[in-house]
Every structure is written in structure tokens, then in C-alpha cells.
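Grab a pencil and open the viewer. Here are a few exercises, each with a solution worked out step by step.

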Amino acid sequence: MPFEVSDLAEMDAPEKEYLWTLNFGPQHPATHTTLRLILTLDGETVINALPHIGYLHSGFEKLGEHLDFNQYVTIVDRMNYISPLANEISWHHAVEKLLGIEITPRCKYLRTILAELMRLHDHLLNVGTTGLDLGAFTAFLYAFYQREKIYDIVESASGQRFHTSYTRVGGVMFDVNNAWVDKIRDFLKGFMPVHAEVHRLLTRNRIFIDRLKGVGYLSGEDCINMGVTGPLARASGVLRDLRKDEPYLAYPDLDFKIVAAKDGDCYARYLVRMQEMLESVKIIEQCLDNIPEGPVNIDAQTHIVPPAKPSVYRSIEGLIQHFEVMMPNRGYETPREEIYAATESPNGELGYYIVGDGSPRSYRARTRPPSYIHFAVFPQIIKGHQLSDVVAVLGSLNIIAAELDR
Amino acid sequence: MSTAEALKAKFPEDELVFSEFRDNHRVAVPAAKLMPILSMLKSECGFDMLAELTAVDYLEYEGATDRFGVVYVLLNNTSGERLILKTFVNDPNPSLPSVYSLWKSADWLEREVYDMFGITFAGHPDLRRILMPDEFTAFPLRKDYPLKGRGERHNFPIVTRADS
């Protein structure tokens, strides 16, 4: 149980000179990127934490007003770089909703597979580094070896390992082939034993449990009141998952469960993430079995996607169409409307609020980043814990600073 | 009773503008009635989560009459219903009441809107800049703030290795 600082009689003293102030970050291995905390300590107990953010602020939303819907995808995948494709899928989900485009069934399945691979990608990193920060090095290596294989899969689909910029308005950059599907099957076959191994290494490890159980408690009501979503909210018993509640892509066709826990502490968040990985594997397997044939992009006659390359190189109509889509002074008509659309990213609800002004770029491209909302919770849940618990709680919140600051 | 009906029953109908686009249900409300409407939505219609709070600068938007629009995306966790509530504020001194007393998630979201647009929220417990440094004087997401150019960076003192 956390130590109750407020019970100490000394706390009532007018001058609190015995309190220590500790600067944590912005460069610290456990912050993973750059964020800064000013901690007020009583001995080793944290009695106040003041987050300072903005070290990675680079004006993404301002850039979003000057780049068109396809160009801005290169910026959004730099937000949460732990799961870049999840951002891209979410961005184009919002754009397609604004434009009123229904993507092809093959594209839906393809994007679903990639979104779930990204969930594995994110949770592997989170579980691995939570272990690493608490001294369990082996699980981290196992997890990162699996992430490496996901990079390979993403590379064979898009040609890029990290910042893929793979999705486009109305489809994706290239279609995939059967070799890619087999590659994912191979990966999943190797993934299951590693997942079980990580379970054996961490889940009933005495040190790991002692460091996580009862630490960083967040109640379900607080989750809702503070806007917390995703695995964090589900670990506190809030049964909400946009894949079920506001189905998008191929999720309505698929059979999977929402993973939730009741404890609301760091250990519950770890368990939820571990179990969510298994659900993601189930989703990917179903998608691979049922991936429909057919075109991956919407019809080029809509003048939103560029036509296929053979028609661009061999016919004048194709070339003109390609030109119309690519040139900045051409483009297509977009509605003068505003839309909020959200998807379930690995970290929680990732939403975009887009204001369209009739041009092919957004008038305002607001991101609702889950990390930003989740980090605001940190001062509340760290109070009364030990200094060493700061890394455990930071790890379980899975703060990605590039998404936090944008 | 639907949310729209509940709102219409309580507040004069000509002040509320309802609209729909795709699956988004929206309502525009006057800034003066913002607080009573939001607290009624929370206590009577079950909107227990403020999922998103942001602002839009309509300076260059064709046909817009007000300068800033502030958008609240509310979510009812029981029924899954979403409501996008919008209100408008104008220069000089764009200001709104803070909704921190209703939803704690407003804390950082309102700070960001203040930081980027300069809209102040009366009653916010700690309204400081959050992403930009404290010495910064402009509001970068306003439309009259340029994308590139000389300025801000050059106003900060250069610290060399010798004086650090």
C-alpha cells in the first residue's frame, strides 16, 4: 500500500524545508523520450509531481493546414512512432469520412491487419520496456526481436520500415501479394511461443508483481472523468473499445473480445496489454483467412486516387488524371464541413477533428492524442508512491512524447 | 428522450442550432449559455466524458462571421452516444468559462487551446502555456501567425558554451 504522507504531523509545519525537489528528465532513460517532471519528495515518497512538456513540439497541426490530405500522412506517422501505421489509418479514416468515401473491402481487411500488427508492435514495446525499466532485461530482448519481424512485414508491404506513409485517401500506396500474407502467418507462428515465454518470465515473477501491484491506481470513474481511454481505461474496468462501440474497417465482421481488468493498477494494465496481443493475433488470423480479392484502391474515375501506373504511362487520359490528382493547383472538391472521427489506436482513442474548406487540404487538422490526455493523469496517480515507482507508472501509461507534444 | 429534445425542452430553441454530418451530431450554442448547457448535459443526459476540446480560427474561412469556434466532443459512456458542441468567441479578449469543474480532462485541453489560440478560460485552476515556452508571446495556431519566417527564434538569447 502507498505510504500516506498526509498523516505525518510534520506536514502541517508552515515551512516545509525538509522536502526535496528533484528534476526528472528531460533526458532520462525511463522517460524513453523527452519529457520532464519536477518531483517534490519527502524522503523517497513523491508528494507532488509537476509535468513540463513541449520539448518535442514541432507544430504538426500548423503543418496540417498547409499540406494536402495525402502529404500530411507523412507527418501523422511521426506522431506516435511506436505504431506509425495506426496513425495513418486513423488520419485517412477521418479524411475519408469527411469526403464520404467508402473504401474497398480488400483495403478494409488490409488496413485491419496492419492496424492490429501495430497494436502488437506497440504492446510488445510497452511490455518489454516496462520489464526493462524494472530490471527484467530478457523479456525486452524477446519483445524487440518480434518487433523487428513486424518491421520486416511492414517493409515488404510499403518499402519502409518505420515511417511508412503507406495509406492514401481511398486506399493504400501499393497492393500486397500472397508472399506477404505467408510472411505474416510465419510471424504469428513464431510469435505465440515468444508471448508465452514473456508470460512465464514476467507474469508470476515476484519482483515484477511487487513493483507493479497496487501502484498507480486509477478508478473507473476517474478514467471517465479524465478522458482516459484504451488499455488504461479497460484495466480500470471501463468496457469501451471503439472497435466494438463504433465499428470501422473490417471489425464488424470479426470475432474478438474486449479485454478488461478491474484492479486499475500498473499490473492490471500489463495484463490487459498481454491479453490484447492474443486478441490481435486472433483478428489477424481471421483477416488473413478471409482477405477478399479485388482492387485495393477505389475507382480512379472518382478523381481522388491516381490511376494505375500502366494507364498513366500508356494513355493520355491516364496521364491527365494522374496530373489532376498530383498537382497542387488542381485537386478535387471537398465538402465545406467539419468532422470528428476516431479509431482505437493501441494507446486509446485517436481522433481527428478536420475542418474542410473546399480545398484538398484541411483548414484545421486537430489531433486528439491519447498520450496527451493520459499524461495529464500522471500527477494524480503518482502521489504517495515511492520515487522508484515513477518509472513503473510512466511505463504503464505508455507516453509517446512525439504524440504528446506534436 | 433524445438529447436534442432534452436540450430544446430546457433552453430556448432559437438559440440552439442542430446539425448532422455523416454520423456526427452537432449543436451550436451561444457562449453565454455554455456553462448551464454543459452542466445539464453532464447531469441529465449522461455525458460523462469530455473526449476532446479544441478550437478553430475562422479568420480566413469563407463566409464565417465569428473569429474562433471552440469545439467540445462529449461522450456518453453508457449509451455510446457522442455530441459535438460548438460555441463561438470573438476578439478582443476571447474568453469562455472553464469546464474543469465538470470534467477534469479539460485541464490540459484548455491549457492547450489557451497556448495555441489565446482563448482564456475563466475559472481554470492553472492556465499557463503548456507546449510553447513561457516567454513566448504569440499564439501559433491563429491564422494570422505565419507558417514560416524570421521572428520567434531570433528573440531568444543565444547561450554559448562559455556562459553556460
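**Exercise 1.** At what angle do the axes of helix α6 (residues 178-202) of chain A and helix α11 (residues 266-290) of chain A cross, and within what distance do they come? Then work out how the two helices run relative to each other and who makes the contact.

*Solution.* Keep in mind that you're looking at a predicted model.

Step 1: Start with what to look for. Two packed helices are described by the angle between their axes and the distance between the axes.

Step 2: Read off both values. The axes of α6(A) and α11(A) cross at roughly 160° and come within 11 Å.

Step 3: Turn the angle into a direction. Angles over 145 degrees count as roughly antiparallel, so α6(A) and α11(A) are roughly antiparallel to each other.

Step 4: Add the handedness. The crossing of α6(A) past α11(A) is left-handed.

Step 5: Find the residues. On α6(A), those making the contact include A:Val181, A:Ile184, A:Leu188 and A:Phe191. On α11(A), look for A:Met274, A:Leu278, A:Val281 and A:Ile284, among others.

Step 6: Sort the contact residues by type. You get ten nonpolar, two polar and two charged.

**Exercise 2.** In what order do the strands of the open three-stranded sheet of chain A lie? Say which of them stand at the edges.

*Solution.*

Step 1: Recall the basics. Strands of a sheet pair through backbone hydrogen bonds, either parallel or antiparallel.

Step 2: Follow the strands across. The order is β1-β2-β3, and the pairing is antiparallel.

Step 3: Spot the edges. β1 (20-24) and β3 (45-52) of chain A each have a single partner strand, so one side of each has no neighbour in the sheet.

Step 4: Check the twist. On average, neighbouring strands here are turned by 20° against each other, ignoring direction.

Step 5: Zoom in on one pair. β2 (residues 36-42) of chain A is joined to β3(A) by seven bridges, and A:Arg36 has A:His52 as its bridge partner.

**Exercise 3.** Now hop over to chain B. How many bridges join strand β4 (residues 68-75) of chain B to β5(B)? Compare the direction of this pairing with that of β2(B) and β5(B).

*Solution.*

Step 1: Count for β4(B). Eight bridges link β4(B) to β5(B), and the two strands run antiparallel. One of these pairs B:Phe68 with B:Val89.

Step 2: Look at the link between them. β4(B) and β5(B) form a hairpin with six residues in between, and B:Gly80 in the turn has a positive phi of about 80°.

Step 3: Turn to β2 (residues 24-28) of chain B. Three bridges join β2(B) to β5 (residues 82-89) of chain B, and this pair runs parallel. Here B:Arg26 is partnered by B:Ile84.

Technical notes:
Residues are numbered from 1 along each chain as its sequence is written. Chains are lettered from A and ligands numbered from 1 in the order in which they are written. This is a predicted model: local features need pLDDT of at least 70, side-chain atom pairs count only at pLDDT 80 or more; totals for chains, interfaces and linings use all residues. Axes are lines fitted to C-alpha atoms, for helices over the stretch in contact, and angles run from 0 to 180 degrees between N-to-C directions. Helices (H or I, at least four residues) and strands (E, at least two) are DSSP runs, numbered from the N terminus. Angles under 35 degrees count as roughly parallel, over 145 as roughly antiparallel, 65 to 115 as roughly perpendicular and the rest as oblique. A crossing is left-handed if the near helix is turned anticlockwise from the far one by less than a right angle, and right-handed if clockwise. Two residues are in contact if their C-beta atoms, placed from the backbone, lie within 7 Å. Ala, Val, Leu, Ile, Met, Phe, Trp, Tyr, Cys and Pro count as nonpolar, Asp, Glu, Lys and Arg as charged, and the others, Gly among them, as polar. Two strands pair if DSSP finds at least two bridges between them.
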